[in-house]
Amino acid sequence: MAYKIVTDNCLSLCNGCVDICPVACIKIDTEVNINGKNQYWIDSIDCIDCGICLKICPVVGAIVAEEK
Ligand code: SF4
Ligand code: SF4
């Protein structure tokens, strides 16, 4: 399954992906990214690859396909 990952482009502010994910597989880590924000990540085991998070994310490149 080609799941998506959240990169350091994420500003960790809007929380839209977490709110909309139908299987609640987007997690917020206690570790911070290069922006000094909590790192968001996607649990690839539970992700159903629906693509909704990609469509609603306002930041280009914050969520990408795994192979990219
Ligand atoms: S692709 Fe769908 S299931 Fe996977 S993290 Fe995004 S919203 Fe959740
Ligand atoms: S929707 Fe995009 S910018 Fe907002 S928290 Fe999720 S990955 Fe970050």
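Surface patches here are made of residues with over 30% relative accessible area and no salt bridge, and nonpolar side chains are joined within 5 Å. In this predicted model, one nonpolar surface patch of about 200 Å² is made by Ile20, Ile52 and Ile56.

**Patch and helices**

Ile56 belongs to helix 2, which covers residues 52-56. With a relative accessibility of 34%, Ile56 counts as partly exposed, because that class lies between the limits of 20% and 50%.

**Hairpin**

Strand 2 covers residues 26-32 and strand 3 covers residues 38-42; the two pair in the antiparallel sense over four bridges. Two of the residue pairings can be named. Ile26 has Ile42 in strand 3 as its bridge partner, and Ile28 has Tyr40 in strand 3 as its bridge partner. As a general point, side chains in a regular strand alternate between the two faces of the sheet.

The two strands form a hairpin with five residues between them. In the turn, Gly36 has a positive phi of about 75 degrees. Ile34 also has its place in the loop between strand 2 and strand 3. Ile34 is exposed because its relative accessible area is 71%. Between the C-alpha atoms of Ile34 and Cys14, which are 20 residues apart along the chain, the separation is 17 Å.

**Loops outside the hairpin**

Positive phi also occurs at residues that are not glycine. Asn15 has a phi of about 65 degrees and sits in the loop between strand 1 (4-6) and helix 1 (16-20). Asn15 counts as partly exposed, since its relative accessibility is 22%. Ala24, with a positive phi of about 50 degrees, is not a glycine either; Ala24 is placed in the loop between helix 1 and strand 2.

The loop between strand 3 and helix 2 contains Ile48 and also Asp49. Ile48 has a relative accessible area of 48% and is therefore partly exposed. Asp49 is partly exposed because its relative accessibility is 31%.

C-alpha separations for three residue pairs are listed below.

| Residue pair | Residues apart along the chain | C-alpha separation |
|---|---|---|
| Ile34 and Cys14 | 20 residues | 17 Å |
| Ile48 and Ile5 | 43 residues | 13 Å |
| Asp49 and Gly36 | 13 residues | 28 Å |

The Asp49 entry links the loop between strand 3 and helix 2 with the turn of the hairpin, where Gly36 is found.

**Surroundings of ligand 2**

Which residues are around ligand 2? They are Val6, Cys10, Cys14, Asn15, Cys17, Tyr40, Cys57, Pro58, Val59 and Ile63. By class, this shell divides into nine nonpolar residues, one polar residue and no charged residue.

Some members of the shell appear elsewhere in this report. Asn15, one of the residues around ligand 2, is the residue with a positive phi of about 65 degrees in the loop between strand 1 and helix 1. Tyr40, also among the residues around ligand 2, is the bridge partner of Ile28 in the hairpin strands. Cys14, another residue around ligand 2, has its C-alpha atom 17 Å from that of Ile34.

How values were computed
Residues are numbered from 1 along each chain as its sequence is written. Chains are lettered from A and ligands numbered from 1 in the order in which they are written. This is a predicted model: local features need pLDDT of at least 70, side-chain atom pairs count only at pLDDT 80 or more; totals for chains, interfaces and linings use all residues. Side-chain values use heavy atoms; hydrogens and water are left out. Patches are made of residues with over 30% relative accessible area and no salt bridge: like charges are joined within 9 Å, nonpolar side chains (Val, Leu, Ile, Met, Phe, Trp, Tyr) within 5 Å. Accessible areas come from the Shrake-Rupley method with a 1.4 Å probe; for residues, only the protein chains shown count as cover. A salt bridge is a side-chain nitrogen of Lys or Arg within 4 Å of a carboxyl oxygen of Asp or Glu. Buried means under 20% relative accessible area, exposed over 50%, partly exposed in between (1.4 Å probe, protein chains only). A residue is near a molecule or strand if one of its heavy atoms lies within 4 Å of it. Ala, Val, Leu, Ile, Met, Phe, Trp, Tyr, Cys and Pro count as nonpolar, Asp, Glu, Lys and Arg as charged, and the others, Gly among them, as polar. Two strands pair if DSSP finds at least two bridges between them.
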